[in-house]
Amino acid sequence: MPETATLSSKFQISIPKAIRTAQHWEAGLTFAFIPKGTGVLLVPVPKREALKGLAKDAAATEYRDRSDRF
């Protein structure tokens, strides 16, 4: 059975410990809420340091602009 949580009167939800542990989520982590059909996708926002070097091999050539789209 999936883990569940209840929305409080202050519109807060506590993430179950099993989920926090499995995902290695710590207090203070920022999340993005992405509407998805009738639900919401909860995604942790990476820290800036984690993004460093992510696109180091990206080339500015062969970049598609909006004008390239049909």
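Let me begin with a definition: two strands are said to pair when DSSP finds at least two bridges between them. With that in hand, I can turn to this model, which is a predicted one, and to the hairpin that strand 1 and strand 2 form in it, with two residues between them. The two strands run antiparallel and are joined by six bridges, and in the turn sits glycine 37, whose phi is positive, at about 60°.

Staying with strand 1, which covers residues 31-36, I would point out that it is hardly covered, since the count of buried residues among its six residues is zero. Phenylalanine 31, which stands opposite proline 44 in strand 2, counts as partly exposed because its relative accessibility is 22%, and buried would mean under 20%.

Phenylalanine 31 also brings us to the aromatic rings, for the structure holds one aromatic pair. That pair is made by tryptophan 25 and phenylalanine 31, in an edge-to-face arrangement with 4.8 Å centre to centre and 80° between the planes. Tryptophan 25, for its part, has a relative accessible area of 17%, and therefore counts as buried.

Now to the backbone, where I should recall that most residues other than glycine have a negative phi. Which values, then, does phi take at phenylalanine 11 and at histidine 24? For phenylalanine 11 phi is positive, near 60°, and this residue lies in the segment before helix 1, which spans 17-23. For histidine 24 phi is likewise a positive value near 60°, and this residue is found in the loop between helix 1 and strand 1. As for their surroundings, phenylalanine 11 counts as exposed, with 69% relative accessibility, and histidine 24 counts as exposed too, with 67%.

Let me move on to the largest pocket, which holds about 330 Å³ of space. Its lining is made up of 13 residues, and those nearest its centre are Ala5, Ile13, Ile15, Phe33 and Leu42. By character, the lining divides into eleven nonpolar residues, one polar and one charged. Which element gives the most to this lining? Strand 2, residues 39-44, does so, with three residues, and strand 2 is also the partner of strand 1 in the hairpin I described at the start.

Finally, a word on annotation: UniProt, in an unreviewed entry, places the feature "domain: SpoVT-AbrB" at residues 5-50. Over that stretch, the model's chain is 22% helix and 26% strand, and the end C-alpha atoms lie 29 Å apart.

How values were computed
Residues are numbered from 1 along each chain as its sequence is written. This is a predicted model: local features need pLDDT of at least 70, side-chain atom pairs count only at pLDDT 80 or more; totals for chains, interfaces and linings use all residues. Side-chain values use heavy atoms; hydrogens and water are left out. UniProt positions are given in the numbering used here, feature names are shortened, and annotations may be inferred rather than shown by experiment. Helices (H or I, at least four residues) and strands (E, at least two) are DSSP runs, numbered from the N terminus. On a 1 Å grid over the protein atoms alone, a cavity is a set of points where a 1.4 Å probe fits but cannot get out, and a pocket is an open set with protein on both sides within 12 Å along at least five of seven lines; lining residues have an atom within 4 Å of a point. Grid points are joined across faces, edges and corners, and a volume is the space filled by probe spheres set on the points. Ala, Val, Leu, Ile, Met, Phe, Trp, Tyr, Cys and Pro count as nonpolar, Asp, Glu, Lys and Arg as charged, and the others, Gly among them, as polar. Rings of Phe, Tyr and Trp (its six-membered ring) pair if their centres lie within 6.5 Å; planes under 30 degrees apart count as stacked, over 60 as edge-to-face and the rest as tilted. Buried means under 20% relative accessible area, exposed over 50%, partly exposed in between (1.4 Å probe, protein chains only).
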